[in-house]
Amino acid sequence: MTRSPFDPPRPSSSTADNGPRVSRAEFDSLFATLRTWGRWTPADRGAWNRVKAEHVRRAAALVRAGTVVPMALPWNTEPGPDNARPALHYMSELGDIEAPEPTCHKDFIAVDYHGKGVSHLDALSHIAYQGRLYDGRTAADVVDARGARFGSVASLGPLVTRGVLIDMPAVLGVDWLEPGRAVHADEILAAEETLGVTIDEGDAVLLRSGHFRRRREVGAWNPDDAAAGCHVDVLPLLAERGIALLGGDGDSDVRPSPVEGVSSPVHALALTAMGVPLLDNLDLEALAEACAQATRYEFLMTVAPLNVPGGTGSPVNPVAVL
């Protein structure tokens, strides 16, 4: 892989450092370089088009112990610094409305899931850059109050592929990465060697920063202000490898953003330039333990979003099987 001009040598540590800074001109050049517009049909499945039957068979062959690890956070109805729009859950029937036997209990759930409190999938209609969605579609032409007519989560459907966990705290020998700590491409390469795994075409790549271990031990904070995640120099490596999905225990972006005038540069590069859907806010602690016990960091991964026509994403409970 060719090193980026804004990628000087850095020490590996858990301390917060979101740099180096990237100018808007450098970012726009990178965006143009990584674009895959016009590559796939149907276009609004983006990089999920990479996953063929052979990728599914390869992933299924990774199941050995039969260990099943879910990655979704609990349905979060409690307000907090990382949950400004709590999910809703209330009982709508308590066995007192319908016929006497059998009694029936029903409940209602709802959620404004694009945030930090809910594990969810971002579809390609979620992010526009300079007014355009993936494949060059003008956002104002295809997204309105009724939803998205291009790049909706319903167009994606389920994904079954090989998952790869890049467990950065395990590689660095720390409990977690501090909020604001950027992970760089050269660190991903070093992690592959340490963990004995190589990111390949069609993979779902998950980056663990230890976010939820830190939250449980230290307390909640606002991840919009500071969160560990990928520097933009990681995206050329992932594009070169041909991944189908990127996710993590944050929202993949290091925050604050290192890019001048772009608040979520990894979102723009992954979703809008590369057509790679994102998984946000996964609890990767149990998966990290399972991978360490199995001494392997690859597994069968399934992602089954809700079938919401026009939806820009979906709450989701991804599952790894080792």
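Beyond its neighbours within four places in sequence, Arg 45 is in contact with Leu 124, Ser 155, Leu 156, Pro 158 and Gly 275. The model examined here is a predicted one, and within this model Arg 45 is found in the loop that runs between helix H1, spanning residues 24–34, and helix H2, spanning residues 53–60. Arg 45 is buried yet takes part in no salt bridge, the nearest side chain of opposite charge being that of Asp 44, at 6.8 Å; a salt bridge would require a side-chain nitrogen of the arginine within 4 Å of a carboxyl oxygen. A polar partner is nevertheless present in the backbone, since the side chain of Arg 45 reaches the backbone oxygen of Ser 155 at 3.4 Å, and Ser 155 is also listed among the contacts of Arg 45.

Helix H1, which precedes this loop, has Phe 27, Leu 30, Phe 31 and Leu 34 as its buried residues. These residues lie on the same side of H1, because they cover an arc of only 105° around the axis. The exposed residues Ala 25 and Thr 33 are carried on the face of H1 that is turned away from the buried side. The cover over the buried residues of H1 includes two further helices, H8 (234–241) and H9 (265–274).

Helix H10, comprising residues 285–294, contains Ala 288, which counts as buried because its relative accessible area is 8%, under the limit of 20%. When neighbours within four places in sequence are left aside, Ala 288 is in contact with Leu 165, Asp 167 and Arg 208. Ala 288 and Ala 170 are separated by 118 residues in sequence, whereas their C-alpha atoms are 8.5 Å apart in space.

The cysteines were considered with respect to disulfide formation. A disulfide is a covalent bond between the sulfur atoms of two cysteines, and the criterion applied is a sulfur–sulfur distance within 2.5 Å; by this rule the count comes to 0 disulfides. For Cys 230, the closest cysteine sulfur is that of Cys 291, at 17 Å, which is too far for a bond. The converse holds for Cys 291, whose closest cysteine sulfur belongs to Cys 230, at 17 Å, and is likewise too far for a bond. Both cysteines are nonetheless removed from the surface by the accessibility criterion: Cys 230 is buried, with a relative accessible area of 3%, and Cys 291 is buried, with a relative accessible area of 0%.

Note on methods
Residues numbered from 1 in each chain as written. Predicted model: local features only at pLDDT ≥ 70, side-chain atom pairs only at ≥ 80, totals over all residues. Heavy atoms only, no water. Buried < 20%, exposed > 50% of the residue type's maximum accessible area, 1.4 Å probe, protein only. Helix = DSSP H or I, 4+ residues; strand = E, 2+ residues; numbered from the N terminus. Lys, Arg positive; Asp, Glu negative; His and termini not counted. Polar contact = N/O pair within 3.5 Å; in protein donor to acceptor, adjacent residues only side chain to side chain. Contact = heavy atoms within 4.5 Å. Arc of directions from axis to C-beta.
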